[in-house]
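Visitor: I am new to reading protein structures, and I would like to take a close look at a single part before trying to take in the whole. Could you choose one helix, explain how it sits in the structure, and then lead me outward from there?

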Amino acid sequence: MPLLARMLMAPLTVEVRRGAVAQLGALLADSRVATSGRVAVAVGAGQGDHISSMIEPTLGEAEVFRVPDGSVDSAVSLGADLRKGAYEAVVGIGGGKTIDVTKYAASLAGIPMVAVATNLSHDGICSPVSSLEHEGGKGSFGVPMPLAILVDLDFVHGAPPSLVRSGVGDVISNLSAIEDWQLGNMERGEPIDGLAVAMARTSAEAVLGRGDSIESDAFLTVLAESLILSGMSMVVAGSSRPSSGGDHEILHAVDQLYPGSSNHGEIAGIGAAFCFFLREDEHRLSLVSDCLRSHDLPVIPGDVGLTAEQFTAAVMLAPSTRPGRYTILEHLRLSEAEVRDRVEEYVRALGH
């Protein structure tokens with residue numbers, strides 16, 4: 001009998017609610033995750049002690065490792081510890097850096113990883129990519145998708161608001177990435193995965209028009225589900241294409257040139273808005289910029305302390321951060337003077 005549909009990878013469990021961490025013990029008792037219960041836990045530096053005390057009643061003797069930062073070195077060190085301990089699975093509990101480090105460490109150790117998100121800063125919760133710092137700046141590394149995902153809204157409410165809002169910018173940037181993918185299809189015949197596009201677009205549209213914000217459990221639930229769906233779109237596509245276009249090329253260039261300027265989702269949001277400006281798509285530009293402003297996210301470079309000259313330099317560098325990826329930036333092939341003019345026009349148009 002012919003295969004009538006492709007088989008898709010998906011997490012065993014997706015749980016988004018208050019008190020989700022309490023579900024961790026039952027999840028890890030599932031023989032599909034760990035047969036003997038030998039599990040390691042990785043926590044971030046910030047909330048490590050608090051998280052450890054909370055999970056102790058449910059995880060008993062599980063060994064807890066601290067993740068000091070979001071670097072490749074931290075991931076390699078954790079991976080070595082996991083191999084030495086012969087663990088069956090590892091649970092990464094924390095924000096984006098902790099989860100990205102744990103995903104990469106789990107891949108090095110050859111064991112499954114369970115993600116427990118304490119903030120919603122970007123779609124790395126479920127993506128097959130780890131964004132890690134190294135000597136040359138920040139790089140993206142392919143990893144297996146988490147085996148299960150828990151988002152505890154109690155922790156999310158306690159996270160810095162800027163990190164939670166950051167997730168809005170990241171998921172909204174999918175709309176720009178999809179346009180770039182379609183452009184690559186038209187100009188270069190690049191194949192498009194329609195299901196991946198549908199998932200990435202749906203995740204962005206779910207957040208785009210909402211009137212509530214991060215103070216609401218209902219909004220946080222939709223944002224968490226959107227970020228998870230966005231991550232899964234990359235699993236379906238086999239690359240970051242549905243969620244990363246010229247917007248993320250600009251983000252990676254800013255990370256290289258001006259590290260620490262802002263967080264992932266904030267720059268991704270600015271990048272998406274600027275790419276719609278370059279496309280002269282006034283309707284989408286208005287929707288995206290209004291959404292960013294409604295969540296107190298930056299819209300123009302000056303909102304994150306970047307001058308027009310600095311942002312111009314980032315836009316010029318951006319295509320080199322993803323060689324071979326075709327976006328509006330590669331399509332227009334603007335000179336430095338032309339980019340500077342567009343940046344200044346963008347600031348004049350949106351800087352109110």
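Guide: Let us begin with helix α6, which is largely enclosed by the rest of the structure, because nine of its twelve residues are buried. Please keep in mind throughout that this is a predicted model. A residue counts as buried here when its relative accessible area is under 20%, and in α6 the residues that meet this condition are Val-164, Arg-165, Ser-166, Gly-167, Val-168, Gly-169, Asp-170, Val-171 and Ile-172. The helix itself covers residues 161–172, and from its first C-alpha to its last it reaches 17 Å, which is close to the 16 Å expected at 1.5 Å a residue.

What does a residue from elsewhere in the chain look like when it touches this helix? One such residue is His-295, whose contacts include Arg-165 and Val-168, and both of these belong to the buried residues of α6. His-295 is placed in the loop between α12, residues 282–294, and α13, residues 308–317, and with a relative accessibility of 1% it counts as buried as well. Leaving out residues up to four places away in sequence, His-295 also touches Asp-212, Ser-213 and Phe-219.

A second loop residue can be read in the same careful way. Ser-127 lies in the loop between β5, residues 113–117, and β6, residues 129–134, and its relative accessibility of 2% means that it, too, counts as buried. With residues up to four places away in sequence set aside, Ser-127 touches Lys-103, Val-143, Met-145, Pro-146, Gly-231 and Met-234. For one of these partners, Met-145, the distance is worth noting: Ser-127 and Met-145 are 18 residues apart in sequence, while their C-alpha atoms are 5.8 Å apart in space.

From here we can turn to a pair of helices, α11 (residues 264–278) and α15 (residues 336–350), whose axes come within 11 Å and cross at roughly 105°. Angles of 65 to 115 degrees count as roughly perpendicular, and α11 and α15 are therefore roughly perpendicular to each other. On the side of α11 the contact is made by Ile-270, Ala-273, Phe-274, Phe-277 and Leu-278, and on the side of α15 by Arg-342, Val-343, Glu-345, Tyr-346 and Ala-349. When these contact residues are sorted by character, eight are nonpolar, none is polar and two are charged.

Helix α11 also holds Ile-267, which is buried, with a relative accessible area of 3%. Apart from neighbours within four places in sequence, Ile-267 is in contact with Leu-251, Val-254, Ser-262 and Val-304. To gain a sense of distance across the model, you may set Ile-267 beside Ala-26, since the two are 241 residues apart in sequence and 38 Å apart from C-alpha to C-alpha.

Two loop residues show another side of the model. Glu-280, in the loop between α11 and α12, is exposed, with a relative accessibility of 65%, and Arg-333, in the loop between α14 (residues 328–332) and α15, is exposed with a relative accessible area of 70%. Most residues other than glycine have a negative phi. Glu-280, however, has a phi near 60°, a positive value in a residue other than glycine, and Arg-333 has a positive phi of about 50° although it is not a glycine either. Between buried and exposed there is a middle class, and His-50, found in helix α2, residues 48–59, belongs to it, being partly exposed with a relative accessible area of 45%. The C-alpha atoms of His-50 and Ser-261, which are 211 residues apart along the chain, are separated by 29 Å.

With these parts in mind, we can step back to the whole. The protein has 15 helices and eight strands, and its radius of gyration is 20 Å, close to the 20 Å that the globule rule gives for 352 residues, so the protein is as compact as a globular protein of that length. Along its principal axes the C-alpha trace spans about 60 × 55 × 40 Å, and 55% of the 352 residues count as buried. Among the contacts with a separation of 6 or more, 75% come from residues 24 or more positions apart.

Methods:
Residues numbered from 1 in each chain as written. Predicted model: local features only at pLDDT ≥ 70, side-chain atom pairs only at ≥ 80, totals over all residues. Heavy atoms only, no water. Helix = DSSP H or I, 4+ residues; strand = E, 2+ residues; numbered from the N terminus. Expected span 1.5 Å × (residues − 1). Buried < 20%, exposed > 50% of the residue type's maximum accessible area, 1.4 Å probe, protein only. Axes fitted to C-alpha atoms, helices over the stretch in contact; angles between N-to-C directions. Parallel < 35°, antiparallel > 145°, perpendicular 65-115°, else oblique. Contact = heavy atoms within 4.5 Å. Nonpolar A, V, L, I, M, F, W, Y, C, P; charged D, E, K, R; others polar. Rg over C-alpha atoms; globule rule 2.2 N^0.38 Å.
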